[in-house]
Amino acid sequence: MEATQIQPAAVGAGLERKRCADIVDLQALHFERKKIFPVARALKAVAQEIRGVQSPPPM
């Protein structure tokens, strides 16, 4: 029988948040390359919010 390592729920949730934020960042990059900057900025803000980073208020 093989031993398995179980991660605490908080660690798994943190890794999932990072993975989701990375996916959103890649989507933002995709829209930047297509010169659709408003969507790219919005996606970057979403990625920061997922990571828990406070973004400045919109101007």
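**Figure 1. Gly52 and the end of helix H2.** In this predicted model, Gly52 follows directly after helix H2 and adopts a positive phi of about 95°. The helix that precedes Gly52 comprises 15 residues, and its span from the first C-alpha to the last is 21 Å, close to the 21 Å expected at 1.5 Å a residue.

**Figure 2. The two faces of helix H2.** Ala40, Leu43 and Ala47 are the residues to look for on the buried side, since each of them is buried in H2. Viewed down the helix axis, the buried residues of H2 fall within an arc of 65°, and they therefore line one face of the helix. On the face turned away from that buried side, H2 carries the exposed residues Pro38, Arg41 and Glu49. An α-helix has 3.6 residues a turn, so residues three or four places apart point the same way.

**Figure 3. Lys35 in the loop between the helices.** Lys35 is placed in the loop between helix H1, residues 9–33, and helix H2, residues 37–51. The phi of Lys35 is near 65°, which is a positive value in a residue other than glycine. As background to this view, most residues other than glycine have a negative phi. The relative accessibility of Lys35 is 62%, and Lys35 counts as exposed because this value is over the 50% cut-off.

**Figure 4. The salt bridge between Glu16 and Arg19 within helix H1.** The side chains of Glu16 and Arg19 are joined by a salt bridge, with an N to O distance of 2.8 Å. Both Glu16 and Arg19 belong to helix H1, where they are 3 residues apart, or about one turn of the helix. Glu16 has a relative accessible area of 37% and is partly exposed, and Arg19, with a relative accessible area of 45%, is also partly exposed. In general terms, side chains of opposite charge can pair when their charged atoms come close.

**Figure 5. Asp22, Arg51 and the salt-bridge network.** A salt bridge with an N to O distance of 2.8 Å brings together the side chains of Arg51 and Asp22. This pair links distant parts of the chain, because Arg51 lies in helix H2 and Asp22 in helix H1, with their positions 29 residues apart in the sequence count. The C-alpha atoms of Asp22 and Arg51 are separated by 9.4 Å. Arg51 counts as partly exposed at 39% relative accessibility, and Asp22 likewise counts as partly exposed at 29%. The side chain of Asp22 also takes part in a polar contact of 2.8 Å with the side chain of Lys18. Taken together, Lys18, Asp22, Asp25 and Arg51 are linked in a network of salt bridges.

**Figure 6. The salt bridge between Glu32 and Lys44.** Glu32 and Lys44 form a salt bridge in which the closest N and O atoms are 2.3 Å apart. Here too the pair links distant parts of the chain, with Glu32 in helix H1 and Lys44 in helix H2, 12 residues apart. Glu32 is partly exposed, having a relative accessible area of 24%, and Lys44 is partly exposed as well, having a relative accessible area of 37%.

**Figure 7. Leu26 and its spacing from Lys44.** Leu26 is a residue of helix H1, and with a relative accessible area of 59% this leucine is exposed. Leu26 and Lys44 are 18 residues apart in sequence, while their C-alpha atoms are 9.3 Å apart in space. Lys44 is the residue that forms a salt bridge with Glu32, and its own relative accessible area of 37% makes Lys44 partly exposed.

**Figure 8. Overall setting of the close-up views.** The protein has 2 helices and 0 strands, and the structure holds 5 salt bridges, among them the pair of Glu16 with Arg19 and the pair of Glu32 with Lys44. Of the 59 residues in the protein, buried residues make up 10%. The protein exposes about 5200 Å², and carbon and sulfur atoms supply 63% of that area.

Conventions. Residues are numbered from 1 along each chain as its sequence is written. This is a predicted model: local features need pLDDT of at least 70, side-chain atom pairs count only at pLDDT 80 or more; totals for chains, interfaces and linings use all residues. Side-chain values use heavy atoms; hydrogens and water are left out. Helices (H or I, at least four residues) and strands (E, at least two) are DSSP runs, numbered from the N terminus. Buried means under 20% relative accessible area, exposed over 50%, partly exposed in between (1.4 Å probe, protein chains only). A salt bridge is a side-chain nitrogen of Lys or Arg within 4 Å of a carboxyl oxygen of Asp or Glu. The expected span of a helix is 1.5 Å times one less than its number of residues. The arc is that of the directions from the helix axis to the C-beta atoms. Accessible areas come from the Shrake-Rupley method with a 1.4 Å probe; for residues, only the protein chains shown count as cover. A polar contact is a pair of N or O atoms within 3.5 Å; within protein, one must be able to donate a hydrogen and the other to accept it, and residues adjacent in sequence count only if both atoms are side-chain atoms.
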